[in-house]
Amino acid sequence: PRLVAMLGRHLHSSSQLPVRISVTLVVFLVYLATKLSLDVLLGAFAAGVIVRLFIRGENTEQVTSKLEAIGFGFLIPIFFIETGINLDLHALVHRPKVLLLVPLFALLFLFTRGLPTYVVYRRALDRTRLTALSILSSTALPLVVVITTIGVDEHKMKPQNASALVAAGMLSVLVFPILGLRPFRATAEATPDEDAVRGDP
């Protein structure tokens, strides 16, 4: 409790001690996982569990928002850039069988992620919202990138299959939101503007 109180006092200071300790803990546990021949994601996950135990209480949201800013603003983009650099475009372009896997995997995302969502919320939402939620839930890029990276590194997945999965994830992120939100855009365009109806400028 004393350590948590001390971290709370430095939360809004220039030292940003809670954030620095959290980042240091992540680096240390990732390094430890590497030395123990474990996956680095396991070390990062363990660090997240420990940090969560320390920041419970009123300061949880503030520390979490700061860590998310570091993660989503700096670390995660680097991870995706590296993944994009390592993407085997040659296999996708010059191997028709691998290229055909991309739309197949995208359809499988709809089946494995969208269909369960549709079944679970079928009584809670109207059909338009339910369809949109199911399609949007089918987007899958971050998790696919992580899983394929681990699979290739552990020699459990062929690089060409990993590339097809990542490409399918990119396709889902680009296309599924357009399909899912199309009914709402059509409704918004069909609804007249209230100011225009009243004759206001």
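**Close-ups of an all-helix model**

**View 1. Ser22 in helix α2.** S22 sits in helix α2, which runs over residues 17-35. This is a predicted model, so keep that in mind for every view here. How much of S22 is accessible, in relative terms? Just 6%, so S22 counts as buried. Setting aside residues up to four places away in sequence, S22 touches V51 and L67.

**View 2. The whole chain, for orientation.** Before going further in, here's the overall layout. The protein has ten helices and zero strands, so there's no sheet to look for, given that strand count of zero. Reading along the sequence, the pattern is α-α-α-α-α-α-α-α-α-α. Of the 201 residues, 24% are buried. Take the contacts between residues at least 6 apart in sequence: 62% of them join residues at least 24 apart. On the outside, the protein exposes about 14,000 Å², and carbon and sulfur atoms supply 68% of that area.

**View 3. Leu115 and a nonpolar surface patch.** Now for helix α6, residues 96-120, where L115 is found. Is L115 buried or exposed? Somewhere in between: its relative accessible area is 39%, so L115 counts as partly exposed. L115 also belongs to a nonpolar patch on the surface, together with L104, L108, F111, Y118 and V119. Taken together, the patch residues have about 530 Å² of accessible area.

**View 4. Helix α7 and its N-terminal cap.** Helix α7 covers residues 127-137. What caps the N-terminal end of α7? That job falls to D126, with a side-chain oxygen 3.1 Å from the backbone nitrogen of T128. Further along the helix, look for L130, A132, S134 and I135, which are buried.

**View 5. Thr148 in helix α8.** The last close-up goes to T148, in helix α8 (residues 142-153). T148 has a relative accessibility of 4%, and because buried means under 20%, T148 makes the cut. Which residues does T148 touch, not counting those up to four places away in sequence? They are M157, A162, L165 and V166. As with S22 in the opening view, which is buried at 6%, this is a polar-named spot worth zooming in on.

Note on methods:
Residues numbered from 1 in each chain as written. Predicted model: local features only at pLDDT ≥ 70, side-chain atom pairs only at ≥ 80, totals over all residues. Heavy atoms only, no water. Helix = DSSP H or I, 4+ residues; strand = E, 2+ residues; numbered from the N terminus. Buried < 20%, exposed > 50% of the residue type's maximum accessible area, 1.4 Å probe, protein only. Contact = heavy atoms within 4.5 Å. Polar contact = N/O pair within 3.5 Å; in protein donor to acceptor, adjacent residues only side chain to side chain. Areas by Shrake-Rupley, 256 points an atom, 1.4 Å probe, with all protein chains shown as cover. Patch = residues over 30% accessible without salt bridge, like charges linked within 9 Å, V, L, I, M, F, W, Y side chains within 5 Å. Salt bridge = Lys/Arg side-chain N within 4 Å of Asp/Glu carboxyl O.
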